[in-house]
Amino acid sequence: MKSLILKEIDELIYGSMGIIIFISFFIGGVVAIQTALNLTNPLIPKNLIGFATRQSVILEFAPTFTSIIMAGKVGSYITSSIGTMRVTEQIDALEIMGVNSLNYLVFPKIIAMLLYPFVVAIAMYVGIFGGWTAAILGGHTSSADFVEGLQLDFIPFHVTYSLIKSLVFAMVIATIPSYHGYYMKGGALEVGKASTTSFVWTSVVIIILNGILTQLLLG
Amino acid sequence: MIEVENLHKSFEDAHVLKGITTTFDKGKTNLIIGQSGSGKTVFVKCLLGLITPEEGTISYEGKIYSKLSPDEQRDLRQEMGMVFQGSALFDSMSVQGNVMFPLDMFTRQSKSEMQDRVDFVLKRVNLVDAHHKFPAEISGGMQKRVAIARAIVMNPKYLFCDEPNSGLDPKTAILIDNLIQEITQEYNITTVINTHDMNSVMEIGEKIVFLKDGIKEWEGTNKEIFKTDNAAVTNFVYSSELFKKVRQMYIEERN
């Protein structure tokens, strides 16, 4: 089981780092540029760019946007891999050997996804770094103003809130696609349909839970 | 020995198995034959415990499967080996990984003991150079042999094969048939094969159960199938011109 968990960490967590870092960097950059371009009033301080970038990235973009990306990347991988095993009778083979197939296939994924908050934490850092890079390279503000904005009215609980959300989303990303893969019926075509359905449902549940958790934790 | 008594199974309105009673003998290759949709696969899945029948019993050496506790059922399943129609090898594992999987899961053998056992069974199925290849890298016939190796690696008492020859050329199909029969006799296991292949019926059918529309229409040996006057069996078995001629020659010879 230990080797299975390590394999899933490699597939689900480590294998997603590239796309998460890439997207987070540019999302942070775009947030910084958009904020800067909308600051037309000279009375509004330039440190607002850093402040807005930090708030947007920590509160929503890193946990929620990243989770939607992960629902597409990791979720479809989970559904299609388990679904293919169902279609090709590999799950039946496990059952006949006396292996609890649901536990064997899903449990390591759930354990691996417990590391997902680390991915979100990295997405936060990279997103803010992307914002800083875009703001400086685009000449929208100085590094000192941006960093000052980052530190302005910082509430540490926002990071906790974000990581709690990401942990809940991680469970959604691990379980809903697993369900759609494990209980799918049919052939290869249905594997594709199950992946699409699981992505839709995972995204819907993430969005709904995002609203509920935000009200519960910040309301 | 596997004893089946009055087995019934339905899916919604479809009554697939209608009171099947038969036995599968130890040390013999028992074949289940019948047209597509006759209930063969459902029957085998009931035998494996993958599908629960509504009525009837299946006994393994006198132990009724449905009366066993979940742990006992799991223990019993570890005495079963299965060769699936599509081989059902784990794509993410090498040939060696596939064969070693049951040993790794259910035994406390050391790595070297497991390796020795894997080497032995792969040699037994005539696969000596494929240890590190993945299922996608080997032919259909080799995949079947890996599936057989995986099925016998735990020394099963019962071996089930779902259309082991499907998709194979006639020469490879005969090799697989012979291999299954040799293993059955060598290890004195109860082998149940679900097949359409008439060559298998003639070559290795030590006991044949013919299903038609979920009913056991006929049972006997591969020698008796030549002599039977059961119209459903003869229509099915001698549907090809080649087998019609073989039967005609047999009848002429007999007369």
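**Exercise 1. List the buried residues of α1(B), then place that helix in its surroundings.**

Solution.
- Step 1. The buried residues of α1(B) are B:Lys40, B:Val42, B:Phe43, B:Val44, B:Cys46, B:Leu47 and B:Leu48. The model is a predicted one.
- Step 2. Set this list against the helix itself. α1 of chain B runs over residues 40-48, and seven of its nine residues are buried. The helix is mostly covered.
- Step 3. Move just past the end of α1(B). There B:Gly49 has a positive phi of about 85°.

**Exercise 2. Decide whether B:Leu242 counts as buried or exposed.**

Solution.
- Step 1. Locate the residue. B:Leu242 belongs to helix α10 of chain B, residues 241-254.
- Step 2. Count neighbours. B:Leu242 has 10 C-beta neighbours inside 10 Å.
- Step 3. Apply the cut-off. A residue with 12 or fewer such neighbours is exposed. B:Leu242 therefore counts as exposed.
- Step 4. Add a distance. B:Leu242 lies 221 residues from B:Thr21 in sequence, and the two C-alpha atoms are 32 Å apart in space.

**Exercise 3. Describe the fold of chain A by its elements, extent and contacts.**

Solution.
- Step 1. Count the elements. Chain A has nine helices and zero strands. Along the sequence the pattern reads α-α-α-α-α-α-α-α-α.
- Step 2. Take the extent. The C-alpha trace of chain A spans about 70 × 30 × 30 Å along its principal axes.
- Step 3. Check burial. Of the 219 residues in chain A, 43% are buried.
- Step 4. Sort the contacts. Take those in chain A between residues at least 6 apart in sequence: 88% of them join residues at least 24 apart.

**Exercise 4. Characterise the packing of α3(A) against α9(A).**

Solution.
- Step 1. Choose the descriptors. A packed helix pair is described by the angle between the axes and the distance between them.
- Step 2. Read the values. Helix α3 (residues 47-87) and helix α9 (residues 188-218), both of chain A, have axes that come within 8 Å and cross at roughly 150°.
- Step 3. Assign the hand. The crossing of α3(A) and α9(A) is right-handed.
- Step 4. Name the residues that meet. From α3(A) they include A:Gly72, A:Gly75 and A:Gly83. From α9(A) they include A:Phe199, A:Ile206 and A:Asn210.
- Step 5. Classify this contact. Its residues divide into eight nonpolar, 14 polar and no charged.

**Exercise 5. How many residues of chain A and of chain B are in contact, and what is the character of chain A's side?**

Solution.
- Step 1. Count both sides. Ten residues of chain A contact 14 residues of chain B.
- Step 2. Classify the side of chain A that touches chain B. It has four nonpolar, three polar and three charged residues.

Technical notes:
Residues numbered from 1 in each chain as written. Chains lettered and ligands numbered in written order. Predicted model: local features only at pLDDT ≥ 70, side-chain atom pairs only at ≥ 80, totals over all residues. Contact = placed C-beta atoms within 7 Å. Nonpolar A, V, L, I, M, F, W, Y, C, P; charged D, E, K, R; others polar. Axes fitted to C-alpha atoms, helices over the stretch in contact; angles between N-to-C directions. Helix = DSSP H or I, 4+ residues; strand = E, 2+ residues; numbered from the N terminus. Left-handed = near helix turned anticlockwise from the far one by under 90°. Buried ≥ 20, exposed ≤ 12 C-beta atoms within 10 Å, placed from the backbone.
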